[in-house]
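Okay, thanks for coming, everyone. Let me put the structure up, and then I'll walk you through it.

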Amino acid sequence: MRVAPGLPSVSLTVKLMRELTAVLLLAALAGCAAPTPWVKPYEREHFADPIMSFNRDPVSSTYLQHVFETREGARGATGSVGGGCGCN
Amino acid sequence: MQLTGEARGAHTRCAARLSPFTRTLVTLCAIAAPALGGVLPEDRADVLWHLYKGGDITIQGPSVLVRKKVGDNLSLSANYYEDMISSASIDVKLSASPYHETRRQESLGADYLHGKSTYSVGFITSKEPDYKANTSYFAVSQDMFGDLTTVTLGYRRGWDRVFRDIKTPQGVLENDPTFHQRADHRGYSLSLSQVLTRNAILGFNYELLTDQGYLANPYRKIRYLSPGQGAGFTLADQVYPNTRTSHAASLQLKYFLPYRAALTGQYRFFRDTWGILAHTAEVDYTHPVWKHWIFDGSLRYYRQGAADFYSDLFPRANYQNFMARDRELAAFRSYTVGAGASWQFAMPGVPSLGKNSINVRVDHLLVDYSDFRNALLASTYGAGNEPLYKLDANVFQVFVSIWF
């Protein structure tokens with residue numbers, strides 16, 4: 001069988017597709033398995049420190065968010081739920 | 001909008017102290033937490049006094065937030081918040097009259113922990129003489145992948161009633177009987193908290209918000225050119241679209257520094273169907289010193305483009321179908337510098353109140369408008385040639401926190 005220069009043969013294409021399918025299957029199987037936690041529980045001491053909280057003082061951060069939200073056009077994605085207005 | 005509730009950071013609920021004994025307890029707490037599944041917020045009460053002063057507006061009032069566990073799986077929270085407003089802002093001076101009013105907001109919330117899932121519900125109600133708002137929300141949070149990842153899905157719904165106050169011949173303010181509007185809001189959110197390394201944690205938030213109804217401020221006006229008349233412009237009612245949909249996505253990265261301090265970098269992208277495109281960037285630094293003090297410093301930068309239907313000065317009356325001059329819809333840059341101090345102490349003679357704090361925070365806000373002019377100076381400079389408006393404001397907070 002003649003093959004155009006620079007193009008892989010049919011058998012090579014089939015082989016590549018089989019390998020690709022195998023890789024995809026392995027990746028899918030790996031996705032099903034729960035990943036091993038790479039930070040062990042005994043290595044998480046720093047996350048228990050209050051200074052590492054995203055919201056250490058909710059009463060203060062919610063107030064400050066309110067100050068910004070009533071003066072700016074942007075809103076949302078602050079990780080908090082909102083309500084009310086106070087805009088007039 | 002007043003925000004309530006709190007972001008759910010993973011593995012951050014256990015208290016830490018500097019002493020070796022407490023550090024050991026904290027480590028044990030961190031080890032035990034995954035076995036127990038999720039963690040409910042700590043029992044805590046906060047009493048805050050806030051003061052905003054700038055642009056001839058003074059807003060102050062209290063906020064009280066109490067959170068208490070009931071049994072092992074349920075945590076309840078309640079918040080009372082008040083704004084006492086005294087306003088003679090540039091908008092008020094141009095198209096209305098100075099006013100004083102009070103806004104009161106109450107909220108109730110519950111978090112129920114089941115295994116590694118936390119279910120949160122809440123209701124918020126806000127009342128001021130010319131605006132009443134009710135909001136309910138629901139969220140589900142799930143710890144996964146060895147508790148390195150927390151995913152939260154949220155939904156909220158709001159129902160607002162909008163009124164307009166008018167002054168009677170006797171000089172009393174009351175609702176205009178011919179003006180009663182409604183606005184509905186819905187919000188959908190996705191949050192992710194991911195432990196990256198033993199020193200770094202990443203937060204991601206996405207929120208889609210939609211509004212329908214009366215979305216304008218009924219007191220503010222647009223202005224259009226009218227050469228030869230008065231100051232060279234005439235005021236007219238704003239006309240807003242009745243719908244708005246916005247998308248916001250934010251990333252937060254928090255890093256624990258080797259000498260016990262925390263550095264946080266944040267970025268938020270925002271855009272909506274009104275044509276507003278905004279970027280927010282913030283850096284926060286937290287530094288505990290000595291045994292009982294924690295100091296905070298922050299820098300925030302915000303930039304937004306104007307809404308498609310915003311103009312400081314329209315060429316003529318009825319120039320287009322939607323017209324607004326609310327400065328929240330103008331193009332501007334905003335810079336905020338903040339600093340805070342927290343002193344932690346034990347209540348003398350009350351062993352159950354071993355952790356308390358007194359906190360002070362000050363933020364200075366500078367807003368630099370690119371296309372909102374000081375129309376009060378039109379008679380001096382001519383309409384459309386007035387200096388651009390700048391807002392300088394200070395925000396003060398003092399609060400006491402008690403863990404019980």
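So here's where I'd like to start: which residues of the largest nonpolar core touch the most other members? Before I answer, please keep in mind that what you're looking at is a predicted model. Right, the answer. That core has 33 residues, and the ones touching the most other members are I276(B), A306(B), A307(B), Y310(B), A324(B), L329(B) and A330(B). Strand 11, strand 18 and strand 19 of chain B, covering 221-225, 355-373 and 388-403, each put at least two residues into this core.

Let's stay with one of those residues, Y310(B). If you skip its neighbours within four places in sequence, Y310(B) is in contact with A324(B), R325(B), L329(B) and A330(B). There's also another core, apart from that one, with eleven residues. Among its members are I51(A), V195(B), I201(B) and F256(B). As a bit of background, nonpolar side chains in soluble globular proteins tend to be buried together.

Now let me step back to chain B as a whole. How many helices and strands does chain B have? Three helices and 19 strands. Its C-alpha atoms fill a box of roughly 80 × 45 × 40 Å along the principal axes. For 404 residues, you'd expect a compact globule to have a radius of gyration near 22 Å, and chain B agrees with that, because its value is 24 Å. Of those 404 residues, 36% count as buried. And if you take the contacts in chain B with a separation of 6 or more, 56% of them are between residues 24 or more positions apart.

Okay, on to the strands, and let's follow a little path across three of them. Strand 10 of chain B, residues 200-213, pairs with strand 13 of chain B, residues 243-257, in the antiparallel sense, over 13 bridges. Within that pairing, F204(B) has L251(B) in strand 13 of chain B as its bridge partner. From there we can carry on, since L251(B) in turn has Y267(B) in strand 14 of chain B as a bridge partner. Strand 14 of chain B is residues 261-272, and twelve bridges join it to strand 13 of chain B, again antiparallel. Those two strands form a hairpin with three residues between them, and R260(B) in the turn has a positive phi of about 55°.

There's a second set of strands I want to show you, around strand 19 of chain B. Strand 2 of chain B is joined to strand 19 of chain B by eleven bridges, running antiparallel. There you'll find G54(B) opposite A393(B). Strand 18 of chain B also pairs with strand 19 of chain B in the antiparallel sense, over 15 bridges. In that pairing, H364(B) stands opposite N394(B).

What about loops? D56(B) isn't a glycine, and yet its phi is positive, near 60°. You'll find D56(B) in the loop between strand 2 (44-54) and strand 3 (57-70) of chain B. Is D56(B) buried or exposed? Somewhere in between: it counts as partly exposed, because 14 other C-beta atoms lie within 10 Å. F145(B) is another non-glycine with a positive phi, about 55°. F145(B) sits in the loop between strand 7 (131-144) and strand 8 (149-167) of chain B. With 15 C-beta neighbours inside 10 Å, F145(B) counts as partly exposed too.

While we're at strand 8 of chain B, have a look at Y155(B), which is found in that strand. Y155(B) is partly exposed, with 14 C-beta neighbours inside 10 Å. Leaving out residues up to four places away in sequence, Y155(B) touches Y137(B), F138(B), G187(B) and Y188(B). Take F138(B): it's 17 residues away from Y155(B) along the chain, but their C-alpha atoms are separated by 5.4 Å.

A quick word on chain A. It has two helices and one strand, in the order α-α-β along the sequence. Of its 88 residues, 45% count as buried.

Last topic, confidence. Chain B averages a pLDDT of 89, and 91% of its residues score at least 70. Where in chain B is confidence lowest, and where is it highest? It's lowest in strand 1, residues 2-4, at a mean of 34, and highest in strand 16, residues 293-304, at 98. Over residues 1-37 of chain B, pLDDT stays under 50. Where pLDDT is low, the predicted coordinates shouldn't be read in detail. For the complex, the predictor gives an ipTM of 0.88 and a pTM of 0.84.

Definitions and conventions
Residues are numbered from 1 along each chain as its sequence is written. Chains are lettered from A and ligands numbered from 1 in the order in which they are written. Two strands pair if DSSP finds at least two bridges between them. Helices (H or I, at least four residues) and strands (E, at least two) are DSSP runs, numbered from the N terminus. The radius of gyration is taken over C-alpha atoms; the globule rule is 2.2 Å times the number of residues to the power 0.38. A residue is buried if 20 or more other C-beta atoms lie within 10 Å of its own, exposed if 12 or fewer, and partly exposed in between; C-beta atoms are placed from the backbone. Two residues are in contact if their C-beta atoms, placed from the backbone, lie within 7 Å. pLDDT is the predictor's confidence in each residue, from 0 to 100. A nonpolar core is a set of buried Ala, Val, Leu, Ile, Met, Phe, Trp, Tyr and Cys residues joined through C-beta atoms within 7 Å.
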